[in-house]
Amino acid sequence: MASHLIFSGGLLGGIGTSIARALLSAFAHAIGSGIGSLAAWAIGGLAHAASVTTAINLDSWFQGPWRAMLTVGTLVAIPLFLAGILDSLAHGEGVAGLGRVVGRLLVAAIGTLVALALVELLLVLVDDACSIVEQTSGLSLAGALARLATAMGISTSVGGGALTAIGALLLALLAAIAAFMLWIELAVRSALILVATAFLPLGLAGLLWPRTASWLRRLGEIVVAVAISKLVIVVVLILGAAALTESTISLSTPGADIDAMVNGVAFLGLATFGLPMALRVVPLAAEAAMHAGRGRSFVQSAVRAPSRLAMNANSTATLLQRVGSKRAGGTGGDGSGSGAAGGVTPPTRPGSGAGEAQ
């Protein structure tokens, strides 16, 4: 009887252990599948956002806010125009200064007419550059993201021990976070371009007064930097696709799928810095372009410095030779070396005239 109880208890304990293991395994599989699905969803949304959802349209609903900002810019331009005239008169520039103020007014008026067309042209050029990068490299952005999603799907399902499974899940989670951040970053890019474009009338109005003339340059730098950020993101992701192409994604190669995931997550994380990098680099490039003339003059002066030093050295040597020849001529006449050195007559003191001679 006792042995029967012991056997029944052991059997029940084994069944309970098996059930617990099955539940834990099902729970872990559900977590892994959930994380993999989350990463695939985020990457799919990123691919869709890069081509469709973040497309910038300045023709439809944007026309109403644009006309409103044109009105605001016109109201701001009136006091700035008067401030520009007063500033010109205060500096005594006269008719020429007034002519420059009127010229700035014409530039601002023409700028309001072509501002939207220039922004649209910039966006088209950036999109064409992204397409050229994809076509020339032979790797599309959608294909690269799909390959990364495939790598994550394999990595979250392969065996290889608990540590490998945990590492794959963590990488998939990081990839999902990075892809979602990129998705949001592309949406923020669209919003920033729209906001900066809407404020262009105020920047153009700032041209009327020298103290506010930098408004337009700052807005232009923001628009250009935000537009170029998409090209930076696409180039980084294409590089990631090339790295994934070199990696062998295979269930029969242990660690190959994890290596592909690490590379993909690294490039996804780096792509999230595309917008901050563009906002940092473009203003620096604009400053360098503005000071290019100053830098060229500095280089030219540095190049001409040795020749000027050589000319000064030659002049000094010539002067020394003349002084030496005068000294030689003064001492060679009587051989005594008396008199002033170098043959120069010493000046007479005041009051030492004919009286002393007597």
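Me: What makes Glu221 and Arg217 a salt bridge?

Reply: In this predicted model, the closest N and O atoms of Glu221 and Arg217 are 3.1 Å apart. The cut-off for an Arg nitrogen and a Glu carboxyl oxygen is 4 Å, so the pair counts as a salt bridge.

Me: And how do you know that Glu221 and Arg217 are separated by about one helical turn?

Reply: They sit four residues apart in helix α7, which covers residues 214-246, and that is why the separation is put at about one turn.

Me: Why is Glu221 called buried?

Reply: Its relative accessibility is 7%. Buried means under 20%, so Glu221 gets that label. Arg217 has a relative accessible area of 26%, which falls between the 20% and 50% limits, so Arg217 is partly exposed.

Me: What makes Arg217, Arg218 and Glu221 a network?

Reply: Salt bridges link these residues. Besides the bridge to Arg217, Glu221 meets the side chain of Arg218 with N to O at 3.5 Å, again within the 4 Å limit. Arg218 and Glu221 both lie in helix α7, three residues apart, or about one turn. As for Arg218 itself, a relative accessible area of 42% makes it partly exposed.

Me: Why do the side chains of Glu93 and Arg100 count as a salt bridge?

Reply: N to O comes out at 3.2 Å, and the rule asks for within 4 Å, so this one passes too. Both partners are partly exposed: Glu93 has 32% relative accessibility, while Arg100 has a relative accessible area of 43%.

Me: How many salt bridges does the rule give?

Reply: The count is four.

Me: Switching to rings: why is the Trp61 and Phe62 pair called edge-to-face?

Reply: The structure holds three aromatic pairs. In the one formed by Trp61 and Phe62, the ring centres are 6.1 Å apart and the planes are at 85°. Centres within 6.5 Å make a pair, and planes over 60 degrees apart make it edge-to-face, so both tests are met.

Me: Are Trp61 and Phe62 buried or exposed, and how do you know that?

Reply: Trp61 is exposed, because 54% relative accessibility is over the 50% cut-off. Phe62 is buried, because 3% is under 20%.

Me: What makes Phe180 and Trp183 edge-to-face?

Reply: Their centres lie 6.2 Å apart, within the 6.5 Å limit, and their planes are at 80°, over the 60 degree mark, so edge-to-face is the right label. The two residues are three apart in helix α5 (residues 162-198), so about one helical turn separates them. Phe180, with a relative accessible area of 37%, is partly exposed, and so is Trp183, with 23%.

Me: What makes Trp61, Phe62 and Trp66 a cluster?

Reply: Ring pairs link these residues together.

Me: Back in helix α7, why is Ser229 called buried?

Reply: Ser229 has 1% relative accessibility, and the limit for buried is under 20%, so the label follows.

Me: Which residues does Ser229 touch, not counting those up to four places away in sequence?

Reply: Ser229 touches Arg189, Gly274, Leu275 and Ala278. A contact here needs heavy atoms within 4.5 Å.

Key:
Residues numbered from 1 in each chain as written. Predicted model: local features only at pLDDT ≥ 70, side-chain atom pairs only at ≥ 80, totals over all residues. Heavy atoms only, no water. Phe/Tyr/Trp six-rings, centres within 6.5 Å; stacked < 30°, edge-to-face > 60°. Buried < 20%, exposed > 50% of the residue type's maximum accessible area, 1.4 Å probe, protein only.
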